[in-house]
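Me: Please take a close look at one part of this model and its surroundings. I should like a connected account, with the cut-offs behind each term stated where they matter.

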Amino acid sequence: MPKLLAVKGVPLIGLYIRVTENFAIIGVNDEKAVESLKEELGVDVVITTVMGSELVGALVCANSNGVIVNSRISKKEFEKIKKVAEVKEIDSNVTCLGNVVCLNDRGAIIHPEIDNGIEKAVNDFLDVEVVRGTIGGVKTVGMSAVVTNRGGLLNPNASEWEIRKVESVMKVDVGKGTVNFGVELVGTGLVANTKGYIAGKDTTGFELGLIEEALGW
């Protein structure tokens with residue numbers, strides 16, 4: 001059975017959680033959410049805020065090679081994340097790195113107007129090919145798609161050209177859909193890796209079908 005989840009009663013779970021193949025970072029000490037991540041996705045879980053915010057899904061970008069965060073992160077928060085992954089701090093006016101980078105272990109699509117320092121960090125530190133672009137016409141690509149090493153779910157407005165770019169750079173087949181009863185920014189309501197996925201509690205059965213097909217289940 002697919003796992004449906006809310007964090008603090010909110011179905012926008014992708015705002016609170018950042019997931020990779022081996023670990024997850026969650027900004028809220030929610031026992032049910034932590035257990036779901038361990039059981040459904042087979043990951044180690046770190047509970048920490050980032051820059052004092054619970055919205056770690058929006059604030060950090062990560063893959064199996066590590067985590068990139070804004071240098072405004074506190075030392076305590078940094079050390080917590082360091083327990084499960086290599087961490088790189090970058091100086092940037094952009095704090096919501098999870099919003100502007102969509103990646104897996106093979107490639108990344110980034111906000112078309114992001115500064116070169118972020119592009120270089122994703123390319124060098126996370127060791128993936130980086131291409132600038134939009135998904136569904138949306139520049140905040142990190143919330144407009146969820147892509148694993150197995151498949152990906154994109155904003156339903158994604159064009160054929162955008163789909164081809166994602167598939168070429170990230171080297172997976174992808175599909176389109178929504179979460180949480182029609183939300184197009186699928187990254188706000190879905191977390192996934194190759195071992196499983198968890199969707200926001202308002203996601204419908206029809207949407208779950210599209211999610212499973214897109215993620216290769």
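Reply: Three strands, in the order S5-S6-S7, make an open sheet with mixed pairing. Its edges are strand S5 (61-63) and S7, each of which pairs on one side only. From one strand to the next the twist averages 15 degrees. The model is a predicted one, in which local features need pLDDT of at least 70 and side-chain atom pairs count only at pLDDT 80 or more, whereas totals for chains, interfaces and linings use all residues. Residues are numbered from 1 along each chain as its sequence is written, and side-chain values use heavy atoms, with hydrogens and water left out.

The terms used for the sheet are as follows. Helices (H or I, at least four residues) and strands (E, at least two) are DSSP runs numbered from the N terminus. Two strands pair if DSSP finds at least two bridges between them. Strands of a sheet pair through backbone hydrogen bonds, either parallel or antiparallel.

Both senses of pairing occur around S6. S5 and S6 are antiparallel and are joined by three bridges, with Asn63 facing its bridge partner Gly66 in S6. By contrast, strand S6 (residues 66-70) pairs in the parallel sense with strand S7 (residues 87-90) over four bridges; here Val67 has Val87 of S7 as its bridge partner.

Helix H3 (residues 75-82) completes a right-handed β-α-β unit with S6 and S7. Right-handed means that, with the strands pointing away from the viewer, the path from the first strand over the helix to the second runs clockwise. H3 lies across S6 and S7 and runs at about 145 degrees to S7. Such packing rests on contact, meaning heavy atoms within 4.5 Å. Axes are lines fitted to C-alpha atoms, for helices over the stretch in contact, and angles run from 0 to 180 degrees between N-to-C directions.

Two cysteines deserve attention next. The structure holds zero disulfides, a disulfide being a pair of cysteine sulfur atoms within 2.5 Å. Cys61 takes part in none, its nearest cysteine sulfur being that of Cys102, 11 Å away. For Cys102, in turn, the closest cysteine sulfur is that of Cys61, and the 11 Å between them is too far for a bond. Buried means under 20% relative accessible area, exposed over 50%, and partly exposed in between (1.4 Å probe, protein chains only). Cys61, at 2% relative accessibility, counts as buried, and so does Cys102, at 4%.

A further sheet can be set beside this one. It is open, with three strands in the order S8-S9-S10 and mixed pairing. Strand S8 (101-103) and strand S10 (129-132) stand at its edges with a single partner strand each, so one side of each has no neighbour in the sheet. Its twist averages 20 degrees from one strand to the next. Strand S9 (residues 107-110) runs parallel to S10 and is joined to S10 by four bridges, with Ala108 standing opposite Val130 in S10.

Helices pack on this sheet too. Helix H5 (residues 116-125) lies across S8, S9 and S10 and runs at about 150 degrees to S10. Helix H7 (residues 160-170) also packs on the sheet, touching S8, S9 and S10, and its direction makes about 145 degrees with that of S9.
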